[in-house]
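Trainee: I am new to this structure and would love a close look at one part of it. Could you take me through a pair of packed helices, and then show me how that part sits in the whole?

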Amino acid sequence: MAKHYSSFERGGRRWLLQRLTAVFLIGVLAFHFLLLHFANHAANITFAGTQARMSQIGYFATMWLFLVTATFHGVNGVYNALINQGIEGTRKTAVKWVLVAASLLLIAQGTRVALAMNGFLQ
Amino acid sequence: MSQSYDRGTVEDFGRWREFSAGMWAWIFHKFTGWVLVGYLFTHIAVLSTALGGAELYTSTLQGLEALLVVRFLEVGLLAVAVFHILNGVRLLMVDLGVGLEAQDTSFYASMVLTGAIVVASVPTFLGGPLA
């Protein structure tokens, strides 16, 4: 019988969210690549094309959720990796709040960009 | 009930020859994760040109796409993303306790499938107008 190892504290809220966001991101990241590299070639991207896509509420909502879930999944992954490297105490607390601040700034900036893309901020 | 597993330090180069498939999967997942989160911040920074107007956004994106090195970096990004997705599916299966005895095989399958998808995608990524 194979052994079952995990670096994460099973049953915790971050453990569950990391997996739930993973399931969402598997589909959306694949969709993002297919749409913007295969269905539309990246070299042909224009603001007008981006605006046309982002003006559709379903696409806009999906992309905004993509931003939020990718930020959580990525930054939480970094935090887990650093815990795995053995940081603890004050360093762990400092890293946690730096990562929280970086995440909030990224989501705020990404939201501004999304609103500029759909024409709301221009 | 989870068990903790002391993987030791990856930086201890002499240990690399002893690594099992699971250890390589863990290292590659971690490496691709660092690349993807780094790219996420870079991506939003580049897309922020949309705040400077339509012309700035279009010329920035098309200017970057005109560079051959950017096309190769995109192929690299695809490789990293595809592996992270496929190995992520494998990890979700492991978490659910599905196919535990096939962990090594599924890691090798992730690698082969990533390679096949990336190679098949190269013509698409290198197509289109270049500088």
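Mentor: Happily! Let us start with two helices of chain B, α3(B) and α4(B), which are roughly antiparallel to each other. This is a predicted model, so please read everything here as computed from that prediction. Helix α3 of chain B covers residues 68-95, and helix α4 of chain B covers residues 103-126. Their axes are 9 Å apart and meet at an angle of about 155 degrees. Angles over 145 degrees count as roughly antiparallel, which is why the pair gets that description. As for the handedness, α3(B) and α4(B) cross in a right-handed way.

Now look at the residues that meet. On the α3(B) side you will find, among them, B:V75, B:L78, B:V82, B:F83 and B:L86. From α4(B) come residues including B:F107, B:S110, B:L113, B:T114, B:I117 and B:F125. Sorted by class, this contact holds 14 nonpolar, 6 polar and 3 charged residues.

One residue here is a good place to pause: B:F83, which lies in helix α3 of chain B. B:F83 counts as buried because it has 22 C-beta neighbours inside 10 Å, and the cut-off for buried is 20 or more. If you set aside its neighbours within four places in sequence, B:F83 is in contact with B:F28, B:T32, B:S110 and B:T114. Two of these partners, B:S110 and B:T114, belong to the α4(B) side of the packing. B:F28 and B:T32, in turn, fall in helix α1 of chain B, residues 21-47. For a sense of scale, compare B:F83 with B:S121: they are 38 residues apart in sequence, and their C-alpha atoms are 14 Å apart in space.

Let us step back to chain B as a whole. Chain B has 4 helices and 0 strands, and along the sequence the pattern reads α-α-α-α. Of the 131 residues in chain B, 21% are buried. Among contacts in chain B with a separation of 6 or more, 71% join residues 24 or more positions apart. The C-alpha trace spans about 55 × 35 × 30 Å along its principal axes. Chain B has a radius of gyration of 19 Å, whereas a compact globule of 131 residues would have one near 14 Å.

The helix we began with also has a partner in the other chain. α3(B) packs with α1(A) at an angle of about 150 degrees, and the two axes are 10 Å apart. That makes α1(A) roughly antiparallel to α3(B). This time the crossing is left-handed. The residues of α1(A) in this contact are A:R19, A:A22, A:V23, A:I26, A:L29, A:A30 and A:F33, and they meet B:L78, B:A81, B:I85, B:G88, B:V89, B:L92 and B:D95 of α3(B). The contact divides into 11 nonpolar, 1 polar and 2 charged residues. Notice B:L78, which is listed in the contact with α1(A) and also in the contact with α4(B).

A further packing between the chains involves α3(A) and α1(B), whose axes are 10 Å apart at an angle of about 135 degrees. That makes α3(A) oblique to α1(B). Their crossing is left-handed. Residues of α3(A) such as A:A70, A:G74, A:V78 and A:A81 take part, with B:K30, B:G33, B:L36, B:V37 and B:L40 on the α1(B) side. By class there are 7 nonpolar, 4 polar and 1 charged residues in this contact.

Those packings belong to a broader meeting of the chains, in which 35 residues of chain A are in contact with 35 residues of chain B. On the chain A side, the elements giving two or more residues are α1 (13-39), α3 (57-84) and α4 (90-117). The most comes from α1(A), with 9 residues. That side of chain A divides into 21 nonpolar, 11 polar and 3 charged residues.

Finally, here is chain A itself. Chain A has 4 helices and 0 strands, running α-α-α-α from the N terminus. Buried residues account for 18% of its 122 residues. Its C-alpha atoms fill a box of roughly 50 × 40 × 25 Å along the principal axes. The radius of gyration of chain A is 18 Å, against a value near 14 Å for a compact globule of 122 residues.

Methods:
Residues are numbered from 1 along each chain as its sequence is written. Chains are lettered from A and ligands numbered from 1 in the order in which they are written. This is a predicted model: local features need pLDDT of at least 70, side-chain atom pairs count only at pLDDT 80 or more; totals for chains, interfaces and linings use all residues. Two residues are in contact if their C-beta atoms, placed from the backbone, lie within 7 Å. Ala, Val, Leu, Ile, Met, Phe, Trp, Tyr, Cys and Pro count as nonpolar, Asp, Glu, Lys and Arg as charged, and the others, Gly among them, as polar. The radius of gyration is taken over C-alpha atoms; the globule rule is 2.2 Å times the number of residues to the power 0.38. A residue is buried if 20 or more other C-beta atoms lie within 10 Å of its own, exposed if 12 or fewer, and partly exposed in between; C-beta atoms are placed from the backbone. Axes are lines fitted to C-alpha atoms, for helices over the stretch in contact, and angles run from 0 to 180 degrees between N-to-C directions. Angles under 35 degrees count as roughly parallel, over 145 as roughly antiparallel, 65 to 115 as roughly perpendicular and the rest as oblique. A crossing is left-handed if the near helix is turned anticlockwise from the far one by less than a right angle, and right-handed if clockwise.
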